[in-house]
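This report goes through one protein model, beginning with its nonpolar core and moving outward to the sheet, to individual residues and to the overall fold.

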Amino acid sequence: MRKFIILFILVGFSLIPVKTRCYSAATQLIVDQDVGLNPNNPDTNYNWSTLRYLWVGYPGWRDGNYESMFGFDVSSIVSQIGQGETLRINSMTFSAYHNSATNKPGNVEVALGNTDNWDDDVVTWNSSYGDHGQSIDSVYINGNPSWYQWYEWNVSSITPDELLDGYLTLYLFTQPEGETNWHNFEASEYGAHNEAYLTIDYDIVPDNTVPIPGAVWLLGSGLFGLVVARRKKRSV
Ligand SMILES: [Ca+2]
Ligand SMILES: [Ca+2]
């Protein structure tokens, strides 16, 4: 009987990961497209050819309080989700390369965009439906010597629903908005291969994951039944 109890515990524990984790992976996605937006010139497109960096904040010598928009094609993850399965995000990080010669320090915030339907060659403040959602994470960026380096925002709180349509749009902006704080980040067109990227650690799990206690209880009662059956056989 003791042998069976040990077997039951071993088999029970070995089943736990199988029952709750269908598929797990960590992946990095390079930005699909990126662009600056300016509410002061709401119908102007600020892609690479017009503005050589991705601006956030209010550079005094430029007109307006810039924001930058980053698009990620997440269809490679979504396509792995089968019928009866659900995407679960364990952690997600957004990374962008800071590239500025005369920045002023301050917080740079990340938020979800209002639309996934945009093209960096034509999009403007107005056609992107302007602005962004609530701040998801904030990073304080100092002045010199913090230029020319990667900064990372924790965006793990974004729900999987935002990825299921195959695209994710993020905004960078400054807080508080105003002339005290501005930065620029390297655009994908810059050519130095410091494109923004997204790091996602995720699981794809069955929709109706059997609760662990229930599964173990079922396995236990099954094994108990087997033991009883064997004993009965022997005693015959
Ligand atoms: Ca671009
Ligand atoms: Ca989306």
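## The nonpolar core

In this predicted model, the largest nonpolar core has 41 residues, and those touching the most other members are V56, F94, V110, V155, L170, Y171 and L172. The element that gives the most to this core is β9, with five residues.

L170 shows how such a core member is surrounded: once its neighbours within four places in sequence are left aside, L170 is in contact with F70, F94, V110, L112, G113 and V155. Among these contacts of L170, F94, V110 and V155 also belong to the core residues that touch the most other members.

## The five-stranded sheet

Five strands form an open sheet, with antiparallel pairing, in the order β2-β4-β9-β6-β7. Because β2 (33-37) and β7 stand at the edges with a single partner strand each, one side of each is left without a neighbour in the sheet. Direction ignored, neighbouring strands of this sheet are turned by 25° against each other on average.

Two of the pairings can be described in detail. Strand β6 (residues 106-113) and β9 run antiparallel and are joined by six bridges, and within this pairing the bridge partner of A111 in β9 is Y171. Strand β4 (residues 67-73) and β2, which also run antiparallel, are joined by five bridges, with L37 standing opposite E67 in β4. Although β2 stands at an edge of the sheet, four of its five residues are buried, so β2 is largely enclosed by the rest of the structure.

## F173 and G133

Strand β9 spans residues 167-175 and includes F173, which counts as buried because 21 other C-beta atoms lie within 10 Å, where 20 or more are required. Leaving aside the neighbours of F173 within four places in sequence, its contacts are V56, E67, E109, A111 and H132; one of these, V56, is also among the core residues that touch the most other members. A further relation across the chain is that to N65, which is 108 residues away from F173 in sequence, while the C-alpha atoms of the two are separated by 8.7 Å.

G133 is placed in strand β7 (residues 132-141), and with 14 other C-beta atoms within 10 Å it is partly exposed. When residues up to four places away in sequence are not counted, G133 touches A111 and L112. The C-alpha atoms of G133 and L170, which are 37 residues apart along the chain, have a separation of 9.3 Å.

## A loop residue with positive phi

Which residue has a positive phi although it is not a glycine? H193 does, with a phi of about 60°, and H193 lies in the loop between β10 (182-185) and β11 (197-206). H193 has 9 C-beta neighbours inside 10 Å and therefore counts as exposed, whereas F173 is buried.

## The fold as a whole

The protein comprises three helices and 11 strands, and from the N terminus on these elements follow the order α-β-β-β-β-α-β-β-β-β-β-β-β-α. Of the 236 residues in the protein, 28% are buried. Among the contacts with a separation of 6 or more, 84% are accounted for by residues 24 or more positions apart; the contact of F173 with V56 and that of L170 with F70 are examples of contacts recorded outside the immediate sequence neighbourhood.

Technical notes
Residues are numbered from 1 along each chain as its sequence is written. Chains are lettered from A and ligands numbered from 1 in the order in which they are written. This is a predicted model: local features need pLDDT of at least 70, side-chain atom pairs count only at pLDDT 80 or more; totals for chains, interfaces and linings use all residues. Helices (H or I, at least four residues) and strands (E, at least two) are DSSP runs, numbered from the N terminus. A residue is buried if 20 or more other C-beta atoms lie within 10 Å of its own, exposed if 12 or fewer, and partly exposed in between; C-beta atoms are placed from the backbone. Two residues are in contact if their C-beta atoms, placed from the backbone, lie within 7 Å. Two strands pair if DSSP finds at least two bridges between them. Axes are lines fitted to C-alpha atoms, for helices over the stretch in contact, and angles run from 0 to 180 degrees between N-to-C directions. A nonpolar core is a set of buried Ala, Val, Leu, Ile, Met, Phe, Trp, Tyr and Cys residues joined through C-beta atoms within 7 Å.
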